[in-house]
Amino acid sequence: LPIWKIGALTASKKLERLRSVLKFAVQRKMVDENYALSLAGPKVKANPTLPFSADEMQKILKAADHKDADPRVKAFILTMRCSGLRISDVARLRVSSLSGLRLTLYQAKTGEPVSVLLPKHASDALKATPKSNPEFFFWTGDSKTSTVTGFWRERIAEVFRLAKVKGHTHQFRDTFAVSLLESGASIETVSVLLGHQRSEE
């Protein structure tokens, strides 16, 4: 879509929303047809990430335990690794989302519900996290999502550098998914736990 001076992925999502709006309009007989269906979408180059190996995870967690490290960082990393949540969801994670070992919330990006059992060591790390705001594990509640997400992305990048591991925060999500598949979970179950948006019928 050359009239949009934006990235291919963003343009693709905008086109998807436009088609949804026109689909609604067709169903309500506001227009005769969904003209957006004939628009060719932009080519989006996939840039997949890989899961962390067991050795890499060990190095990352060891680096997060460094004497000068922020004690909250390890809890943040464990939560991402053991829940499969996106960094933005963990950054604004509410204390009320955790009940015992179960973490339950609606993902900010998709609005999809997620309910996952955390290992006890991850749950304990979360509960022991020092909080600036009693309602949130890692957020003051004042800044924008982009600001708090950027803050934690930088903290974790420091851990990667200390661990000498080339990585991206999304790889914790990949690692979570692969570990479930290796333990025998179905693709459908993994998709539900990751909170993937359901396709329209």
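# A guided reading of the predicted model

Strand 2 (residues 102-106) and strand 3 are joined in antiparallel fashion, with five bridges between them. One of the pairs in this arrangement is formed by L105 and V114, the latter being the bridge partner in strand 3. The structure considered here is a predicted model, and this pair of strands offers a convenient place to begin reading it.

The two strands form a hairpin with six residues between them, and in this hairpin G111 adopts a positive phi near 75°. Strand 2 also has a partner in strand 1, to which it pairs in the antiparallel sense over two bridges. Here the bridge partner of L98 is L103, which belongs to strand 2. Together, the three strands make an open sheet in the order 1-2-3, with antiparallel pairing. Strand 1 (98-99) and strand 3 stand at the edges, and each has a single partner strand, so one side of each lacks a neighbour in the sheet. As a general principle, the strands of a sheet pair through backbone hydrogen bonds, in either a parallel or an antiparallel manner.

Strand 3 also shows how side chains may be arranged along a strand. In residues 113-117 the side chains alternate between two faces. V114 and V116 point to one face and are buried, whereas P113, S115 and L117 point to the other and are not buried. V114 therefore appears twice in this account: as the bridge partner of L105, and as a buried residue of strand 3, since its relative accessible area is under 20%.

The view may now be widened to the whole protein. It contains eight helices and three strands. Along the sequence these elements follow the pattern α-α-α-α-β-β-β-α-α-α-α, in which the strands come between two groups of four helices. The C-alpha atoms fill a box of roughly 65 × 40 × 35 Å along the principal axes. Among contacts between residues at least 6 apart in sequence, 57% join residues at least 24 apart.

The next topic is burial and the surface. Of the 201 residues, 36% count as buried. The accessible surface comes to about 12,700 Å², and carbon and sulfur atoms account for 55% of it. As for charge, the protein has 32 positive and 20 negative charges, whose mean positions are 3 Å apart.

In soluble globular proteins, nonpolar side chains tend to be buried together. In this model, the largest nonpolar core has 44 residues, of which I60, F76 and F172 touch the most other members. Helix 3 (residues 71-83) supplies the largest share of this core, namely seven residues. The contacts of F76 illustrate how such a residue meets distant parts of the sequence: when residues up to four places away are not counted, F76 touches I87, V90, A91, F138, W152 and I156.

Helix 3 also holds T79. This threonine counts as buried because its relative accessible area is 0%, which is under the 20% limit. Apart from neighbours within four places in sequence, T79 is in contact with G84, V90, L93, L103, L126 and F138. One of these contacts, L103, leads back to the sheet, where L103 is the bridge partner of L98. V90 and F138 are contacts of T79, and they are also touched by F76.

A second threonine, T175, lies in helix 7 (residues 170-182). T175 is buried as well, because its relative accessible area is 6%. Its contacts, leaving aside neighbours within four places in sequence, are P51, F52 and R81. The C-alpha atoms of T175 and G84 are 8.0 Å apart, although 91 residues separate the two along the chain.

Three lysines turn attention away from the buried residues. K29 is located in the loop between helix 1 (8-27) and helix 2 (54-64), and K164 in the loop between helix 6 (145-163) and helix 7. K29 has a positive phi of about 60° without being a glycine, and K164 likewise has a positive phi of about 60° without being a glycine. K29 counts as exposed because its relative accessibility is 76%, and K164 counts as exposed because its value is 75%. K13, in helix 1, is partly exposed, at 37% relative accessibility. Its C-alpha atom is separated by 9.9 Å from that of P42, which is 29 residues away along the chain.

Technical notes:
Residues are numbered from 1 along each chain as its sequence is written. This is a predicted model: local features need pLDDT of at least 70, side-chain atom pairs count only at pLDDT 80 or more; totals for chains, interfaces and linings use all residues. Side-chain values use heavy atoms; hydrogens and water are left out. Buried means under 20% relative accessible area, exposed over 50%, partly exposed in between (1.4 Å probe, protein chains only). Contact means heavy atoms within 4.5 Å. Accessible areas come from the Shrake-Rupley method with a 1.4 Å probe; for residues, only the protein chains shown count as cover. Lys and Arg count as positive and Asp and Glu as negative; His and the chain ends are not counted. The place of a charge is taken as NZ of Lys, CZ of Arg, CG of Asp or CD of Glu. A nonpolar core is a set of buried Ala, Val, Leu, Ile, Met, Phe, Trp, Tyr and Cys residues joined through side-chain atoms within 4.5 Å. Two strands pair if DSSP finds at least two bridges between them.
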